[in-house]
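The exercises below are meant to be worked with the sequence and the model side by side. Try each task before reading its solution.

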Amino acid sequence: MSSEKENIIFKKPYESILFRGLFLFVTVTSIPFYPSFYLKDYSESFQTKSHPFRIIDVASQNNPWFFNNADGKNYVGWLITLLLSIVVGVIWYFFDKKRKDYNRLSYWFFVIVRYSLALRMSWFAIAKVFPVQMPFPTISQLNTNLGEFTPGKLYWLTTGVSPFFEVFAGIFELTATILILFRRTTTLGALMMVAILLPIWFVNIGYDAGVELTSLHIFTLAVLLLVKDFKPFWDLLILHKPSNIPAFISPDFLKKWQNNTRLTLKWGFILIFLVYRGFEYGRVYAADKTFKLPLTDGVKSFAGFYDVSAFSINNQIIPYSTNDTIRWQNVVFEKFNTFSIKVGSQTKLNTDNKARTTEYYGNVGRLYYGYEIDSLKQSLTLWNRADTSKKILLKYKHINNKQFILKGINESGDSLFVILQKIEKQYPLVEKKVRIF
């Protein structure tokens with residue numbers, strides 16, 4: 001199979017109409033036309049103020065309007081956008097019937113598809129190469145019952161358990177992303193993308209993992225890169241006939257500045273979205289951080305699992321019970337500033353997978369609080385991660401690095417007295433963790 005250039009000619013009207021419709025579809029789904037994208041404050045979810053490079057990640061989230069509707073499963077919106085694009089393509093065809101040369105239009109079509117695909121996939125790929133997209137389970141998650149996770153959360157955790165697999169997947173995705181940025185290797189990169197994205201789509205369907213329509217849309221872009229190669233592959237693989245894969249048509253840039261601009265934009269994209277982003281994510285990983293979890297450090301000596309050996313509220317002792325909705329059963333100090341509490345109630349299920357909610361979205365059984373320590377006053381302030389207006393104010397005594405005595409006021413204004421006893425637990429998932437670096 002060899003590669004050769006050939007002119008793009010549509011002999012039948014429906015071919016021309018379909019091409020125009022797809023051209024419009026990839027354009028309107030690649031450029032964020034809705035005002036909310038530009039007006040949204042991304043600092044809360046992307047930390048752009050403390051980590052300016054994450055503006056790149058914001059750009060990679062230029063999702064079409066229908067991505068954020070119907071829990072990420074707005075197939076109706078996706079189909080409506082596609083059908084409306086084809087309808088406009090019909091109108092365009094009747095106003096431009098005499099067009100015979102589609103080379104230039106085809107060039108821009110594939111440029112939009114290639115760079116839209118690279119824009120989105122570069123983020124996912126690099127966040128896996130430096131495994132921060134799906135972090136290793138936290139101590140709180142290691143102490144949450146299996147049945148208290150949603151399928152989507154369980155999938156994220158099982159992927160995070162294996163950094164080796166996550167890095168391998170990231171390298172595969174990154175290789176495919178780099179290949180589609182060069183016309184000579186686009187076909188190979190698109191084939192790799194299809195091999196990656198089809199199972200990702202089915203995983204999201206099967207586990208309800210949250211990016212079902214997103215993965216389908218990106219998969220569609222990868223398939224569109226292979227449209228021109230359908231007949232050559234059919235001839236070679238099915239009919240066993242010699243065949244040629246047509247090369248991507250590129251317009252003749254007659255002026256030097258035009259070609260220099262093209263090369264500057266191309267290599268600028270690579271340097272910013274691949275090299276610079278990779279460097280910054282490497283620094284995040286080296287600092288043992290992930291944007292999916294709180295970035296503020298906790299008190300290192302406090303981190304661990306604690307049994308609640310004594311608990312009283314308003315001076316009334318409450319004995320241990322797995323069904324009690326008030327009494328704390330155990331608590332966890334994370335290595336970051338999270339304090340989680342196991343209680344008898346199921347707690348409210350949160351399925352909103354946003355940045356740094358990974359610890360508590362998609363599971364029940366624990367309450368999650370951020371915490372601040374004033375070591376001089378020996379005070380501990382807890383605020384509910386899901387509702388920061390709810391706070392618990394405590395005084396503490398840390399005894400022999402193994403025991404805490406807590407006294408204070410809970411969210412309802414009741415007095416609390418709690419004794420925590422640190423338990424050294426062994427976790428097979430941690431002991432058998434395959435380390436990468």
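**Exercise 1.** Over the ring of which residue does the charged end of Arg 54 sit?

*Solution.* The model is a predicted one, in which local features need pLDDT of at least 70 and side-chain atom pairs count only at pLDDT 80 or more, while totals for chains, interfaces and linings use all residues. Residues are numbered from 1 along each chain as its sequence is written, and side-chain values use heavy atoms, with hydrogens and water left out.

Begin at Arg 54, which is found in the loop between α3 (43–46) and α4; helices (H or I, at least four residues) and strands (E, at least two) are DSSP runs, numbered from the N terminus. The charged end of Arg 54 sits over the ring of Phe 291, at 4.0 Å from the ring centre. The rule for such a placement is that NZ of Lys or CZ of Arg is within 6 Å of the ring centre and within 35 degrees of the ring normal.

Next, look at the surroundings. Arg 54 has a relative accessible area of 4% and is therefore buried, where buried means under 20% relative accessible area, exposed over 50%, and partly exposed in between (1.4 Å probe, protein chains only). Leaving aside neighbours within four places in sequence, Arg 54 is in contact (heavy atoms within 4.5 Å) with Ser 45, Phe 46, Thr 48, Trp 123, Tyr 281 and Phe 291.

As a second case, find Lys 266, which lies over the face of Phe 182 at 4.4 Å from the ring centre.

**Exercise 2.** Find the largest nonpolar core and say which helix gives the largest share of this core.

*Solution.* A nonpolar core is a set of buried Ala, Val, Leu, Ile, Met, Phe, Trp, Tyr and Cys residues joined through side-chain atoms within 4.5 Å. The largest one has 58 residues, and those with the most contacts inside it are Phe 109, Leu 117, Met 193, Leu 197 and Tyr 281. Among the helices that each supply at least two residues of this core are α1 (13–28), α6 (103–129), α10 (186–207) and α13 (256–286). The largest share, 14 residues, comes from α6. Apart from this core lies another, of 24 residues, including Trp 328 and Leu 420.

**Exercise 3.** Check the length of α5 against the expected span, and decide where the buried residues of α5 fall around the helix axis.

*Solution.* The expected span is 1.5 Å times one less than the number of residues. For the 21 residues of α5 this gives 30 Å, and the end C-alpha atoms are 30 Å apart, which agrees. The buried residues of α5 are Gly 77, Trp 78, Thr 81, Leu 82, Ser 85, Gly 89 and Tyr 93. Seen down the axis, they fall within an arc of 155 degrees (taken from the directions from the helix axis to the C-beta atoms), so they line one face of the helix. These buried residues pack against α1 and α11, whereas the face turned away from them carries the exposed residues Val 76, Leu 83, Leu 84 and Phe 94.

Now turn to α11, where 12 of the 13 residues are buried, so this helix is largely enclosed by the rest of the structure. What covers the buried residues of α11 includes α1, α5, α6 and α10.

**Exercise 4.** Classify the aromatic pair formed by Phe 311 and Trp 328: is it stacked, tilted or edge-to-face?

*Solution.* Rings of Phe, Tyr and Trp (its six-membered ring) pair if their centres lie within 6.5 Å; planes under 30 degrees apart count as stacked, over 60 as edge-to-face and the rest as tilted. By this rule the count comes to 37 aromatic pairs. Phe 311 and Trp 328 are 5.6 Å apart, centre to centre, with 45 degrees between the planes, and the pair is tilted. Phe 311 lies in strand β3 (residues 304–313) and Trp 328 in the loop between β4 (316–317) and β5 (330–333), so the pair ties together parts that are 17 residues apart in sequence. Phe 311 is buried, at 3%, and Trp 328 counts as buried at 6% relative accessibility.

**Exercise 5.** What is the sign of phi at Asn 315?

*Solution.* Most residues other than glycine have a negative phi. Asn 315, in the loop between β3 and β4, has a positive phi near 65 degrees, and this residue is exposed, with a relative accessible area of 76%.
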